[in-house]
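Below is a short report on one protein chain. It moves from a local detail to the overall fold, then on to further local features.

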Amino acid sequence: MTMRTQSMTTTLRTLVVTLVALGLAGNAAAFDSGSDESFGDITLAVDEQLQLAVPPDGVFHCTTVTLATGADLTFLKNDLNTPVTILATGDIVVNSGATINVTGGTSSGANPGIGGPGGFDGGAAGGSGVEAGDGKGPGGGKSGDSGTVGRGVFGCEAFNPRDNDGDFYGNPLLLNMIGGSGGAGRDDTFGGGGGGGAILLASNTRIQVIWSGGIYAEGGGSSGAEGSGGAIRLVAPIVEGNGFIYARGGESGTGGGGRIRIDTLDGSGITFGSQPPCAVSIGSIMRVSSPQTGRLDITDVGGTAIVVGTTSAVLVDLPPGSSENQTVTVQATDFTGMVPIQVALTPEKGSRTTFDATIDMSGGSPASVVVPVVIPANVPVEINVWTR
């Protein structure tokens, strides 16, 4: 058995109740994106294409970001697949025809599509007696044939919903960023599409997206197995433009839609084309992230210890003949009260299984719980944990 573990947290229940405490910034000059300017400028010339490797923490500390006409900025995922965060002390400008892109990948035949940075992969194809795989992520689709295969879901349901489609998750405020989920593999040799990634852009001054320029976190996929759209959040005193902000599901919105959030003190110049409409919200929470700092870490799988804070995904090989009955230890830090969690095991082939548990923080932080799980034999399994 080979397992790849990734630990993440989406604190779904705490976000809405923080609104009163967050308040509004008093004026435009008061907002600070938090950039220390260590990355400098991101400047792309006309029609220039650039792929940036996402740093281990996912954060680019910039001065300004300027994409000239027709330029294209994409990202190479880091090992922990964190969302992309671009912080700038000056303006972020996406000119006409330029794009910032964290879109998920489309499957190549039986090979599933890869999720965008912060998003989740599609499920592997089935066929010839081999069971297809479910899409990865909290809203991953469940496998089926061409008429029943599930699409990834995030913030909006898929077109003509199916029983095998994934579930809603996350929060419209996007104070804790997470990407879209993958579509399931089909039983007839088609892999699922990848979920759209997650990107946050924050500027001390202004974000501008000009006509036919765009920011994209769309899902990938086709053939009825599309990934969901991802997440886009913009935060700046002034947000303006008539470009495109898209977090659609794969195949032009057939998969479930993602989430788009714009926080600004002056949105009078916003005339964006945003899709899907069901996923968009605009407000004035002038904060890059939630003040809630809780995190979850997988610290042990099947007796193999995992160092907290590792910047690499961890591969765990169980010895041949090992029991399918194993345990996963999850540690919670900086939460309070009772923390409901879900451990999800997604095999390369076959159906995802989930195991619910609760971590009691009454004795202080950090606190842990040992979760009994069943790990299928002879197939790679990805293990994730998130709050319920």
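## Aromatic pairs

F75 counts as buried, because its relative accessibility is 7% and the cut-off for burial is under 20%. The model is a predicted one. F60 is buried too, with a relative accessibility of 1%.

A search of the whole structure turns up 7 aromatic pairs. F60 and F75 form one of them. Their ring centres are 5.9 Å apart, and the planes meet at 50 degrees, which makes the pair tilted. F60 belongs to strand β4 (residues 59-67) and F75 to strand β5 (residues 72-76), so the pair ties together parts 15 residues apart in sequence.

F120 and W386 make another pair. Here the centres are 6.4 Å apart and the planes stand at 85 degrees, so the pair is edge-to-face. It links distant parts of the chain. F120 sits in the loop between β8 (99-101) and β9 (198-203). W386 sits in strand β24 (residues 381-387). The two are 266 residues apart. Both F120 and W386 are buried.

Ring pairs also join W211, Y216, F244 and Y246 into a cluster.

## Overall fold

The protein has 2 helices and 24 strands. Its radius of gyration is 20 Å, close to the 21 Å from the globule rule for 388 residues, so the protein is as compact as a globular protein of that length. Along the principal axes, the C-alpha atoms fill a box of roughly 60 × 50 × 35 Å.

Of the 388 residues, 57% are buried. Among contacts between residues at least 6 apart in sequence, 74% join residues at least 24 apart.

The exposed area is about 14700 Å². Carbon and sulfur atoms supply 52% of that area. The protein carries 18 positive and 35 negative charges. The mean positions of the two sets are 5 Å apart.

## Two glycines in the β8-β9 loop

Where does G118 lie? G118 is in the loop between β8 and β9. Its relative accessible area is 5%, so G118 is buried. The C-alpha atoms of G118 and T82 are 4.7 Å apart, while 36 residues separate the two in sequence. T82 is also among the contacts of G118 once neighbours within four places in sequence are left aside. The others are N81, P83, I178, G179, G197 and A198.

G119 is in the loop between β8 and β9 as well. G119 is buried, at 1% relative accessibility. With neighbours within four places in sequence left aside, G119 touches N81, G179, G180, G195, G196 and G197. L175 is 56 residues from G119 along the chain, and their C-alpha atoms are separated by 16 Å.

N81 is thus a contact of G118 and a contact of G119. G179 and G197 also appear in the list for G118 and in the list for G119.

## Backbone geometry

Most residues other than glycine have a negative phi, and most peptide bonds are trans. The table gives four sites that depart from this pattern.

| Site | Feature | Angle | Loop |
|---|---|---|---|
| D47 | positive phi | near 65 degrees | between β2 (40-44) and β3 (49-53) |
| N378 | positive phi | about 65 degrees | between β23 and β24 |
| Q275 and P276 | cis peptide bond | omega about -5 degrees | P276: between β15 (273-275) and β16 (280-283) |
| S365 and P366 | cis peptide bond | omega about 0 degrees | P366: between β22 (353-360) and β23 (367-374) |

Are the residues with positive phi, D47 and N378, buried or exposed? D47 counts as exposed, at 55% relative accessibility. N378 also counts as exposed, at 78%. Both values pass the cut-off for exposure, which is over 50%.

How values were computed. Residues numbered from 1 in each chain as written. Predicted model: local features only at pLDDT ≥ 70, side-chain atom pairs only at ≥ 80, totals over all residues. Heavy atoms only, no water. Helix = DSSP H or I, 4+ residues; strand = E, 2+ residues; numbered from the N terminus. Rg over C-alpha atoms; globule rule 2.2 N^0.38 Å. Buried < 20%, exposed > 50% of the residue type's maximum accessible area, 1.4 Å probe, protein only. Contact = heavy atoms within 4.5 Å. Areas by Shrake-Rupley, 256 points an atom, 1.4 Å probe, with all protein chains shown as cover. Lys, Arg positive; Asp, Glu negative; His and termini not counted. Charge placed at Lys NZ, Arg CZ, Asp CG, Glu CD. Phe/Tyr/Trp six-rings, centres within 6.5 Å; stacked < 30°, edge-to-face > 60°.
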